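Hi everyone, thanks for making the time. I'd like to walk you through one structure today, so please have the viewer open and follow along with me.

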Number of protein chains: 2
Amino acid sequence: MSKVRVAAFSVSLEGYGAGPDQSLQEPLGRGGETLHDWFVPTRTFKKVHGESDGTTGIDDTFAARGFEHVGAWIMGRNMFGPVRGDWPDASWKGWWGDNPPYHVPVFVLTHHTRAPVEMEGGTTFHFVMDGIEAALKRARHAAGGKDVLIGGGASVLRQYLQARLIDEMHLAIVPVLLGRGESLFEGVSLPELGYRVTRHVAGEGATHVVIGRT
Amino acid sequence: MSKVRVAAFSVSLEGYGAGPDQSLQEPLGRGGETLHDWFVPTRTFKKVHGESDGTTGIDDTFAARGFEHVGAWIMGRNMFGPVRGDWPDASWKGWWGDNPPYHVPVFVLTHHTRAPVEMEGGTTFHFVMDGIEAALKRARHAAGGKDVLIGGGASVLRQYLQARLIDEMHLAIVPVLLGRGESLFEGVSLPELGYRVTRHVAGEGATHVVIGRT
């Protein structure tokens, strides 16, 4: 069955999905790159980057779930890039180079109109101006029975959670402190929305928690 | 060397040290008792309650650290009891019965004057009206070279952290969602205060994280 999922979303001990002061140099904010310390050594990550080695433990098992049975992605504009406001031109095409690791349609939430951008390897970025429900409708259609992954950031996840539109959310709780950042949990009462922890497994570099609806 | 420590302070995935609506019936707030699910089965907890069984794994190892080399405790008034405002009488003597599990002097932060209360087993509750630094000074003196433990709750820990008075803080990250509650991390940037994660170990029922000063 097609699900709406969050996979491998990393948060600090404080619940921050990114550090402060996101920029071109630091897409995950100051100190935020440490959120991916558990992910970078995995075979799944290495494979995405064309390498054949990497760890194959619990962290890798959870990392791999972000790439299985995925038909479309949704992400916020800040996850797509550092450009704010009107798109000055069509030059920014994401952080991921000519061949992004998605290989499916990606719907980018934005308030500013822009034509789709077709990349190598099957990824096409579509820009959705009419909100999270419209984006999900388009993503579901594009996914053709496969899952829709909501990539982030934290504010996008909070919006989808509050609308009860996420079926399953895998978080990697990373043992780092960022100090300041965007909280995934602030102002969102997951139990009151019907969510609970369905699974928790200690990995090599993070604690993996799966949150589902009761 | 004498340290100022936090030991076995449990937080939910959202960083809450207690749930909402603390009361006589629910000292840790609504749903908050689940924060102790990792602690209750341990040999350390059982021993405190006069029982001789209990688990002896990683959770127990960390639980035991809260009782080793401890010369005095400090806690906030809400951790001491549900009474607010002026003390109506001397009847409330903590949650823990006639023989509390401290067996050392305990300094309770309050704005309302009250005479010390001597309990069985070596615990005496002292009420400190002149702030966290005065309480620590008295606790250090009483501890006689042993450690001072700051018990909580979250707001008391935040105050001591912001004053950089805590040497080591052990948190048990519990895989539960409370929805609402008192955040340990909100408004406190631990890295900017010189704190970092020095150790993290997956236990049976919680992930144990030790935070120290660099």
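Let's warm up with a single residue: which residues does B:H103 touch, not counting residues up to four places away in sequence? If you click on it, you'll find B:G121, B:G122 and B:T123. Before going further, please keep in mind that this is a predicted model.

Where does that histidine sit? B:H103 is in the loop between α3 (77-80) and β3 (105-109) of chain B. Is it buried or exposed? The answer falls in between: B:H103 has 16 other C-beta atoms within 10 Å, so it counts as partly exposed, given that burial takes 20 or more and exposure 12 or fewer. There is also B:W73, which is 30 residues from B:H103 in sequence, with a C-alpha to C-alpha separation of 9.7 Å.

Now let's zoom out to the sheet in chain B. Nine strands form an open sheet with mixed pairing, in the order β4-β5-β3-β2-β6-β1-β7-β9-β8. At the edges are β4 (117-118) and β8 of chain B, each of which pairs on one side only. The partner of β8(B) is worth a look: β8(B) and β9(B) run antiparallel and are joined by seven bridges. Within that pairing, B:Y195 faces B:R213 in β9(B).

Two helices of chain B pack on this sheet. Helix α4 (residues 132-143) touches β1 (4-11), β2 (70-76), β3, β5 (124-128) and β6 (147-152) of chain B, and its direction makes about 160 degrees with that of β2(B). Helix α5 (residues 154-162) of chain B touches β1, β2, β3 and β6, at about 135 degrees to the direction of β6(B).

Let me stay with α4(B) for a moment. It has twelve residues, which at 1.5 Å a residue should span 16 Å, and its end C-alpha atoms are indeed 16 Å apart. Which of its residues are buried? They are B:A135, B:L136, B:A139 and B:A143. Around the axis these cover an arc of only 100 degrees, which puts them on the same side of α4(B). That buried side packs against β1, β2, β3, β5 and β6 of chain B, while the face turned away from it carries B:E133 and B:H141, both exposed. Just past the end of the helix, B:G144 has a positive phi of about 55 degrees.

On to chain A. Here, too, there is an open sheet of nine strands with mixed pairing, ordered β4-β5-β3-β2-β6-β1-β7-β9-β8. Why do β4 (117-118) and β8 (195-202) of chain A have one side without a neighbour in the sheet? Both stand at the edges with a single partner strand each, so one side is left free of a neighbour.

A few pairings are good landmarks if you are rotating the sheet. Strands β1 (residues 4-11) and β7 (residues 168-173) of chain A run parallel, joined by five bridges, and A:F9 is opposite A:L171 in β7(A). On to β9 (residues 207-213) of chain A: six bridges link this strand to β7(A), and the two run antiparallel. There, A:I173 has A:T207 as its bridge partner. Elsewhere in the sheet, β2(A) and β6(A) are parallel with five bridges, and A:A72 is opposite A:V148.

Chain A also has its helix α4, residues 131-143: 13 residues, reaching 18 Å from first C-alpha to last, close to the 18 Å expected. The buried residues of α4(A) are A:A135, A:L136, A:A139 and A:A143. Down the axis they fall within an arc of 100 degrees, so they line one face of the helix. Among what covers them are β1, β2 (70-76), β3 (105-109), β5 (124-128) and β6 (147-152) of chain A. On the other side, A:E133 and A:H141 are exposed.

Finally, how many residues of chain B are in contact with chain A? There are 21, and they meet 22 residues of chain A. β8 (195-202) and β9 (207-213) of chain B each supply at least two residues to that side. The largest share, five residues, comes from β8(B). By class, the chain B side has twelve nonpolar, five polar and four charged residues.

That's my tour, and I'm happy to take questions!

Note on methods
Residues are numbered from 1 along each chain as its sequence is written. Chains are lettered from A and ligands numbered from 1 in the order in which they are written. This is a predicted model: local features need pLDDT of at least 70, side-chain atom pairs count only at pLDDT 80 or more; totals for chains, interfaces and linings use all residues. Two residues are in contact if their C-beta atoms, placed from the backbone, lie within 7 Å. Helices (H or I, at least four residues) and strands (E, at least two) are DSSP runs, numbered from the N terminus. Ala, Val, Leu, Ile, Met, Phe, Trp, Tyr, Cys and Pro count as nonpolar, Asp, Glu, Lys and Arg as charged, and the others, Gly among them, as polar. Two strands pair if DSSP finds at least two bridges between them. The expected span of a helix is 1.5 Å times one less than its number of residues. The arc is that of the directions from the helix axis to the C-beta atoms. Axes are lines fitted to C-alpha atoms, for helices over the stretch in contact, and angles run from 0 to 180 degrees between N-to-C directions.
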